[in-house]
Amino acid sequence: MALTRDFKETVKDRAARDPAFAKAMLDEAATAFLNGEPHVARLILRDLVNASVGFESLAAETNRPSKSLHRMLSEKGNPSMDNLAAIFGVVRRRLGVALEANSVEPA
């Protein structure tokens, strides 16, 4: 069965129109990062940036080149902690949320 719509476009549109979904994506990216899955966190952040901030605005707010930000959030990207903190910060502010980490017992 062929897909009628690109998955990434569907996610982008949903995050752009549904603030709760966008916040859930941010939460999932932070959780993935803190749980040792930085590759997953980067890809979720990339989709969220596309839906909420845009790479050009992100570049202006982080004082980093747009192309560098694209590379950082790519499949094989490797952003520094400073760059990742800056990206999370911009997205967090844009969505109007604070991030809080809590530890829980493993399941």
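A residue is called buried when its relative accessible area is under 20% and exposed when that area is over 50%, with the residues in between called partly exposed. I would like to begin with that definition, and I should also say at once that what we are looking at is a predicted model. Ala29 has a relative accessible area of 0%, and because that value is under 20% it counts as buried.

Let me keep Ala29 in mind for a moment and step back to the whole protein. It is built from 6 helices and 0 strands, so that, read from the N terminus, the order of elements is α-α-α-α-α-α. Its radius of gyration is 14 Å, close to the 13 Å that the globule rule gives for 107 residues, and therefore the protein is as compact as a globular protein of that length. If you turn the model along its principal axes, the C-alpha trace spans about 40 × 40 × 30 Å. Of the 107 residues, 37% count as buried, and the accessible surface comes to about 7,000 Å², with 52% of that surface belonging to carbon and sulfur atoms. Among the contacts with a separation of 6 or more, 55% are made by residues that stand 24 or more positions apart. As for charge, there are 15 positive and 14 negative charges, and their mean positions are 6 Å apart.

Now back to Ala29, which sits in helix α2, residues 19-34. Which residues is Ala29 in contact with, once its neighbours within four places in sequence are left aside? They are Ala41, Ile44, Leu45 and Phe88. For one of these partners, Ile44, we also have a distance: Ala29 and Ile44 are 15 residues apart along the chain, and their C-alpha atoms are separated by 5.7 Å.

The part of the model I would like to spend most time on is helix α4, which covers residues 55-62. Its buried residues are Phe55, Leu58, Ala59 and Thr62. These four cover an arc of only 100° around the axis, which puts them on the same side of α4. It may help to recall a general point here: an α-helix has 3.6 residues a turn, so residues three or four places apart point the same way. What does the buried side of α4 pack against? Its buried residues pack against α3 (38-52), α5 (66-72) and α6 (81-95). The face turned away from that buried side carries Glu56 and Ala60, which are exposed.

Within α4, Thr62 is a good residue to look at individually. Its relative accessibility is 6%, and because buried means under 20%, Thr62 counts as buried. If we do not count residues up to four places away in sequence, Thr62 touches Leu69, Ala86 and Val90.

Directly after α4 comes Asn63, which lies in the loop between α4 and α5. Is Asn63 buried or exposed? With a relative accessibility of 70%, Asn63 counts as exposed. There is something else to notice about its backbone, namely that Asn63 has a positive phi of about 60° although it is not a glycine. To see why I mention this, remember that most residues other than glycine have a negative phi.

From that loop we move into helix α5, where I have picked out two residues, Ser66 and Lys67. Ser66 is buried, with a relative accessible area of 14%, whereas Lys67 counts as exposed at 66% relative accessibility. Leaving aside neighbours within four places in sequence, Ser66 is in contact with Phe55, Glu56 and Ala59, and two of these, Phe55 and Ala59, are among the buried residues of α4 that I listed earlier. Lys67 can be placed relative to Phe55 as well, since the two are 12 residues apart in sequence and 8.4 Å apart in space, C-alpha to C-alpha.

Finally, please follow the chain to the segment after α6, where Asn102 has its place. Asn102 is exposed, with a relative accessible area of 60%. Asn102 and Thr31 are 71 residues apart in sequence, and yet in space, C-alpha to C-alpha, they are 9.8 Å apart.

To close, let me return to where we started: in this predicted model, Ala29 is buried with a relative accessible area of 0%, and Asn102 is exposed at 60%.

Conventions. Residues numbered from 1 in each chain as written. Predicted model: local features only at pLDDT ≥ 70, side-chain atom pairs only at ≥ 80, totals over all residues. Heavy atoms only, no water. Rg over C-alpha atoms; globule rule 2.2 N^0.38 Å. Buried < 20%, exposed > 50% of the residue type's maximum accessible area, 1.4 Å probe, protein only. Contact = heavy atoms within 4.5 Å. Areas by Shrake-Rupley, 256 points an atom, 1.4 Å probe, with all protein chains shown as cover. Lys, Arg positive; Asp, Glu negative; His and termini not counted. Charge placed at Lys NZ, Arg CZ, Asp CG, Glu CD. Arc of directions from axis to C-beta.
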